[in-house]
Amino acid sequence: MATIGSRTSSIASDWKSNSYYLAAEQERWVDVFWNAATPFRRLFDHLDVRKVVDLACGHGRQSARMLSLESVAPAIEKVYLLDVNQENIDACTERFRNSANNSRIEMKKISGADFRPLEDSSITAIFCYDAMVHFEYDAVLSYINDAARILQPGGRALFHHSNFVSAPGADYKENPHWRNYMSKSLFAHAANRAGLSVLDQVTIEWDGERNLDCLSLLERPKDTDRIQTARRERNRDLYGKIRRKLMSLRR
Ligand SMILES: C[S@@+](CC[C@H](N)C(=O)[O-])C[C@H]1O[C@@H](n2cnc3c(N)ncnc32)[C@H](O)[C@@H]1O
């Protein structure tokens with residue numbers, strides 16, 4: 001299990017008993033993510049939602065909306081709502097207690113830096129909205145790494161993260177809209193290093209701040225892609241060895 005840093009735990013505490021949760025239920029605050037005309041929705045429609053994770057679920061408004069969509073809901077077999085704060089898990093348990101969807105929903109408190117206890121290669125899609133924008137960079141990198149572990153080959157993750165790089169080292173609460181330090185390109189680099197393909201990245205404005213945030217759509221390559229890459233690399237090594245042998249014979 002990845003260890004959670006002190007900044008990550010203090011950020012987690014900022015989101016306990018926060019007035020945000022009630023305000024965020026307003027239709028216009030939810031529509032930003034789910035309206036068909038938004039980049040969120042365009043990219044979300046590239047996910048296979050059979051086994052889907054809502055990372056940093058808060059009080060569950062994003063999953064509630066997802067489960068209400070006729071074009072999305074029937075495909076969902078299981079939604080995992082994950083959050084670092086137990087009180088949010090309790091709020092979600094209460095919210096969905098009498099819902100017809102209850103049997104398709106599982107809530108889990110997580111450490112704050114990885115997806116455990118979810119199992120390796122068990123998930124077809126991950127999404128994270130309005131939350132990772134606040135996370136410390138090392139927690140973001142840790143989640144990217146662990147996404148590569150839980151996604152099935154061909155599984156995808158859609159992360160809404162910060163693209164704010166103007167104040168390295170600052171307290172995130174001093175930054176516009178509490179955005180933490182992160183960039184589109186650092187995020188893509190980390191995804192590549194984790195073995196994930198970056199299918200798309202779109203910078204977006206937030207409340208008038210241009211390019212403040214970014215949406216990154218990542219994919220765990222299908223095993224056939226990995227096997228082909230491994231074969232190509234092995235052949236390249238083999239040809240190199242043969243070439244070096246021939247050169248040494250010629251001398
Ligand atoms: C602004 S709220 C967004 C909640 C939800 N995604 C939504 O759109 O309503 C931020 C959420 O991130 C969670 N959180 C903060 N740090 C976290 C971490 N390191 N790992 C997982 N969740 C975290 C908080 O508990 C809170 O639920």
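**Exercise 1. State which domains the assignment gives for the protein chain, and how far apart their C-alpha centres lie.**

Solution. Begin with the bounds: in this predicted model, the domain assignment places residues 6–220 of the protein chain in domain 1 and residues 223–251 in domain 2. Then take the C-alpha centres of domain 1 and domain 2, which are 41 Å apart. For the setting of these domains, note that the C-alpha atoms of the protein chain fill a box of roughly 80 × 45 × 35 Å along the principal axes, and that its secondary structure comes to 9 helices and 7 strands.

**Exercise 2. Describe the shell around the ligand by its nearest residues, its elements and its residue classes.**

Solution. First, find the residues that come nearest: of the 22 residues around the ligand, these are Trp15, Ala56, Gly58, Gly112 and Asp130. Next, look for elements that give two or more residues to this shell, which are helix H1 (6–14) and helix H5 (61–68); the largest share, 3 residues, comes from H1. Finally, sort the shell by class, which yields 13 nonpolar, 6 polar and 3 charged residues.

**Exercise 3. Work out which residues of H1 are buried, which are exposed on the other side, and what the buried ones pack against.**

Solution. Start with the buried residues of H1, which are Thr8, Ile11 and Ala12. Viewed down the axis of H1, these buried residues fall within an arc of 105°, and therefore they line one face of the helix. The spacing along a helix helps in understanding such a pattern: an α-helix has 3.6 residues a turn, so residues three or four places apart point the same way. Turn then to the other side of H1, where Ser6, Ser10 and Ser13 are exposed. As a last step, identify the partner of the buried residues of H1, which pack against helix H7 (137–150).

**Exercise 4. Decide whether Ala91 is buried, partly exposed or exposed, and give the separation of its C-alpha atom from that of His59.**

Solution. Locate the residue first: Ala91 lies in helix H6, which covers residues 86–96. Count next the other C-beta atoms within 10 Å of Ala91, of which there are 18. A residue needs 20 or more to be buried and 12 or fewer to be exposed, so Ala91, with 18, is partly exposed. Lastly, compare the chain with space: Ala91 and His59 are 32 residues apart along the chain, while their C-alpha atoms are separated by 5.6 Å.

Conventions
Residues numbered from 1 in each chain as written. Predicted model: local features only at pLDDT ≥ 70, side-chain atom pairs only at ≥ 80, totals over all residues. Domains from an automatic or database assignment. Near = placed C-beta within 6 Å. Helix = DSSP H or I, 4+ residues; strand = E, 2+ residues; numbered from the N terminus. Nonpolar A, V, L, I, M, F, W, Y, C, P; charged D, E, K, R; others polar. Arc of directions from axis to C-beta. Contact = placed C-beta atoms within 7 Å.
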